[in-house]
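Welcome! Please take a moment to look over the sequence and the 3D structure before reading on.

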Amino acid sequence: MLSNRRRRVMKSIFFIVITLFSFHIMAQQPQGYTYDSPYEKTVVSEFLETGMASAIDLQLISDPSLSEEKASTSRAKYHTILDHLSAKKESIKSEMRFLSWLFYRVHRKYLKEYTSHSSLALTIHNGQYDCLSATSLYALLLNDLGFNAQVVETNYHIYLKLETQNGFYLFESTDPIHGFVTNPQEINSRLASYRQKDTDETTYQFKTELNSAVSITKLAGLHYYNKAIEDYNNKELMKTLILLEKASIFYHSDRIVEFGWVLAEAIRQDNTLPDIVRTHSLSKISHFLKSREKMALR
């Protein structure tokens with residue numbers, strides 16, 4: 001009879017061999033995506049085929065509750081907000097005054113309650129927001145108004161900066177009182193604070209240092225990534241995998257790669273999953289991490 005220890009060792013070796021074999025086979029095969037709605041499938045499929053999608057749709061698709069009808073309502077409400085701001089822009093001649101007015105007007109009227117992991121649709125319809133959804137809304141509005149807004153990600157935060165011929169502005173979407181910043185010293189102080197975060201050992205936190213601009217397309221990946229983190233911290237590993245795979249479509253970053261390997265290890269160690277599910281899941285992670293542009297792991 002085999003000892004319990006020897007059985008465990010042989011089982012581990014068998015699982016590793018099967019996993020590596022599966023990696024080799026499935027890495028050669030295209031991977032299908034799991035969608036929450038026909039609307040999401042339409043937008044993502046169009047992006048995969050053409051590399052294009054409307055900016056507002058890219059920010060909406062990660063919300064699993066959105067049908068095409070609900071998405072159409074979200075777009076209509078967004079354009080109502082935009083039209084109001086556009087009309088005001090014509091009447092306020094000072095750039096700084098207009099941008100200040102825009103920041104506080106949007107915050108007072110449309111950003112009602114800070115709620116972690118809020119989607120842009122929730123922000124537009126109910127006023128629930130977090131730093132990602134609110135900053136996404138500001139970025140969309142400013143770009144549609146003719147400004148060149150730049151969204152910046154750090155390890156734990158998202159903020160918006162805007163540089164024009166007339167000045168440099170910082171939009172801090174989570175600060176409804178003093179979130180529009182123009183003073184250079186205050187801007188530097190804010191930027192320094194974004195690099196600091198209390199550690200929480202009970203949840204996954206990204207380790208690599210980040211402070212880089214992200215495009216509207218990459219923001220779509222961050223929306224999926226944030227939802228993946230939420231599901232991972234809730235021990236929903238299969239949901240996490242589905243979301244992280246879609247995040248990688250839009251933003252295959254160090255952040256995605258690091259979390260992909262963290263997720264792979266969590267799935268590998270989850271003995272509640274059947275071996276075939278674990279093997280298939282690990283193969284999918286290996287495929288989408290390797291099929292995109294190669295990233296340097298730090």
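Here is a short tour of a sheet, a helix that crosses it and a cavity. Keep in mind that this is a predicted model.

**The sheet as a whole**

- In what order do the five strands of the open sheet lie? Reading across, the order is β6-β5-β4-β3-β7, and the pairing is antiparallel.
- The edges belong to β6 and β7 (211-214); each has a single partner strand, so one side of each is left without a neighbour in the sheet.
- As you look at the strands, here is a handy rule: in a regular strand the side chains alternate between the two faces of the sheet.

**From β6 to β4**

- Start at the edge with strand β6 (residues 180-181), which runs antiparallel to β5 and is joined to β5 by two bridges.
- Next, β5 (residues 167-171) runs antiparallel to β4 (residues 158-164), and five bridges join these two strands.
- How many residues does the hairpin use to join β4 to β5? The hairpin passes through two residues.
- Leu170 is a good residue to find on screen: in β5, Leu170 is the bridge partner of Lys161, and in β6, Val181 is the bridge partner of Leu170.

**The other edge**

- Strand β3 (residues 150-154) pairs with β7 in the antiparallel sense, over four bridges.
- To locate this pairing, look for Glu153, whose bridge partner in β7 is Ser212.

**A helix across the sheet**

- Which strands does α9 lie across? The helix lies across β3, β4 and β7, and runs at about 110 degrees to β7.

**The cavity**

- Rolling a probe the size of a water molecule over the atoms shows where empty space is left.
- With a cut-off of 30 Å³ or more, the count comes to one cavity.
- The largest cavity holds about 60 Å³ of space.
- Its lining is made up of Ser62, His117, Ser118, Ser119, Asp130, Leu132, Ser133, His223, Asn226 and Lys227.
- Two or more residues of this lining come from each of the elements α7 (131-144) and α9 (216-233).
- Which element gives the most to the lining of the largest cavity? That is α9, with three residues, so you meet here again the helix that lies across β3, β4 and β7.
- Sorted by type, the lining of the largest cavity has one nonpolar, seven polar and two charged residues.

Definitions and conventions. Residues are numbered from 1 along each chain as its sequence is written. This is a predicted model: local features need pLDDT of at least 70, side-chain atom pairs count only at pLDDT 80 or more; totals for chains, interfaces and linings use all residues. Side-chain values use heavy atoms; hydrogens and water are left out. Two strands pair if DSSP finds at least two bridges between them. On a 1 Å grid over the protein atoms alone, a cavity is a set of points where a 1.4 Å probe fits but cannot get out, and a pocket is an open set with protein on both sides within 12 Å along at least five of seven lines; lining residues have an atom within 4 Å of a point. Grid points are joined across faces, edges and corners, and a volume is the space filled by probe spheres set on the points. Ala, Val, Leu, Ile, Met, Phe, Trp, Tyr, Cys and Pro count as nonpolar, Asp, Glu, Lys and Arg as charged, and the others, Gly among them, as polar. Contact means heavy atoms within 4.5 Å. Axes are lines fitted to C-alpha atoms, for helices over the stretch in contact, and angles run from 0 to 180 degrees between N-to-C directions.
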